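Please find below my notes on the structure, arranged as numbered points. They begin with the surroundings of the ligand and then turn to the sheet, a pair of helices and a single residue.

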Amino acid sequence: MKIDVLSIFPDYLAPLELSLPGKARAKGLLDVAVHDLRSFTHDRHHTTDDTPYGGGAGMVMKPEPWGEAFEALAIGEHDTIVFTTPSGARFDQRKAEELSARPRLVFACGRYEGIDQRVIEHAREIARVEEISLGDYVLNGGEVAALAIIEAVVRLIPGFMGNPESLVEESHAGDSGGLLEYPVYTKPPVWNGREVPAVLRSGDHGAIARWRHEQARRRTAERRPDLLAPSTLDDGTPIARAVPGDAPELLTLQRACWVQEALANPGVEIPALHESLADVRDWLGEWDTYVVRRAGRLVGAVRGRLEGDAWDIGRIMVAPDLQGEGLGRRLLEHIQAVAAEAATSYVLFTGAGSERNLKMYKKAGFRLRSDVPAPPGAVVLTKPRRAGA
Ligand code: 6GU
């Protein structure tokens, strides 16, 4: 594979000379060249940026040096130009595998507010183009992203890894069943008073495989629930993680649901009825929230988060026209099933006069806790978490 990197900070790419890609170069599997974009400028100051048309903060990378660089590198239709940009598609293992099969990658590392859009359009006419982001955060430039992508891609080149088996089992690998990797241990058997789990020293390969799979599943549920298949209602409707775009419908649903609560609990202050769209957006960022849609319409929701060692459950909402069908019960089951590993109990609040809710919670194993303080007009219910549940 041939890799070219275009950057105004070529020194940033010095690690490419080291270890991993270095080995691949030595084996003749990889040829890497880093190019200074400034060498494709002609003014005294080697200018690569200018002010944006239409105004706005920051600077934009000028098109001419990029155009000249692409020409100098003799980029053709079989080559892939990778623009590293926070507005790109999220990089993942699948993309790494895809890129590892390409004969040539040219990384165009953007800086400032980005590259003149005509450069990307031009690139699409002369080569294959990928616009890739590392994740939902902002770096000062695409160099570190290019390094990360190159490292992920190069180790997948056939013949590069000493032990290809290790590619199969690791987190995010296609064969890992989409789970994160299980915890691993090596000698000594006891370190700092901590023992290696007995099952790993049992010699029982079936038991070891089951233990590892269960650990991987738990870890994934805890850290990356988005990687697991969504839970569903009996009819297959998914119970999905809420996204920021759900906020307006959540606001509407919670107003509809808590009007009923207000009527059942006269005089009680109900925060859910007073929240703005901005408030809903804020709490969406702080709680694990799940939603159910029917024919595109958001009809149910629930949220949970860890408070100390209790999993705090709230905002169980079901559209008024669908109440009584068991949706609330399913949402309650779901939010318990996805509780953080550290939770040893579940806790929820409801209006003291909300007969229907109280009945559902008690049926689900929750008990009224008059010994735990609650806001005026509300009651607290708790339930211990069963081990392994
Ligand atoms: Cl590829 N570039 C920049 N500048 N910031 C990023 C990124 C890329 N990926 C995540 N943040």
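1. Sorted by class, the shell around the ligand holds seven nonpolar and seven polar residues, and no charged residues. The model is a predicted one, and this composition should be read with that in mind.

2. The ligand is surrounded by 14 residues, of which the closest are T84, P86, L134, L139 and A145. Two strands, β5 (80-90) and β7 (128-133), each supply at least two residues of this shell, and β5 gives the most to it, with four residues.

3. Both of these strands also belong to an open sheet, in which five strands follow the order β2-β1-β6-β5-β7 with parallel pairing. The edge strands are β2 (31-36) and β7, each of which pairs on one side only, while the twist from one strand to the next averages 25°.

4. Within that sheet, which pair deserves a closer look at the level of residues? Strand β1 (residues 2-7) and strand β6 (residues 104-109) pair in the parallel sense, with five bridges between them; one residue to inspect is K2, whose bridge partner in β6 is R104.

5. Two packed helices are described by the angle between their axes and by the distance between those axes. For helix α8 (residues 247-264) and helix α10 (residues 277-286), the axes come within 9 Å and cross at roughly 110°, and because angles of 65 to 115 degrees count as roughly perpendicular, α8 is roughly perpendicular to α10.

6. The contact between these helices brings A247, P248, L250 and L251 of α8 together with L277, V280, R281 and L284 of α10. By class, the contact of α8 with α10 comprises seven nonpolar residues, no polar residues and one charged residue.

7. Is I313, which is found in strand β14 (residues 310-318), buried or exposed? I313 has 24 other C-beta atoms within 10 Å, and since a residue counts as buried when 20 or more lie within that distance, I313 is buried.

8. Leaving aside residues up to four places away in sequence, I313 touches G304, I335, Y346, V347 and L348. As for its position relative to R102, the two residues are 211 residues apart in sequence and, from C-alpha to C-alpha, 48 Å apart in space.

Terms used
Residues are numbered from 1 along each chain as its sequence is written. This is a predicted model: local features need pLDDT of at least 70, side-chain atom pairs count only at pLDDT 80 or more; totals for chains, interfaces and linings use all residues. A residue is near a molecule or strand if its C-beta atom, placed from the backbone, lies within 6 Å of it. Ala, Val, Leu, Ile, Met, Phe, Trp, Tyr, Cys and Pro count as nonpolar, Asp, Glu, Lys and Arg as charged, and the others, Gly among them, as polar. A residue is buried if 20 or more other C-beta atoms lie within 10 Å of its own, exposed if 12 or fewer, and partly exposed in between; C-beta atoms are placed from the backbone. Two residues are in contact if their C-beta atoms, placed from the backbone, lie within 7 Å. Axes are lines fitted to C-alpha atoms, for helices over the stretch in contact, and angles run from 0 to 180 degrees between N-to-C directions. Angles under 35 degrees count as roughly parallel, over 145 as roughly antiparallel, 65 to 115 as roughly perpendicular and the rest as oblique. Two strands pair if DSSP finds at least two bridges between them.
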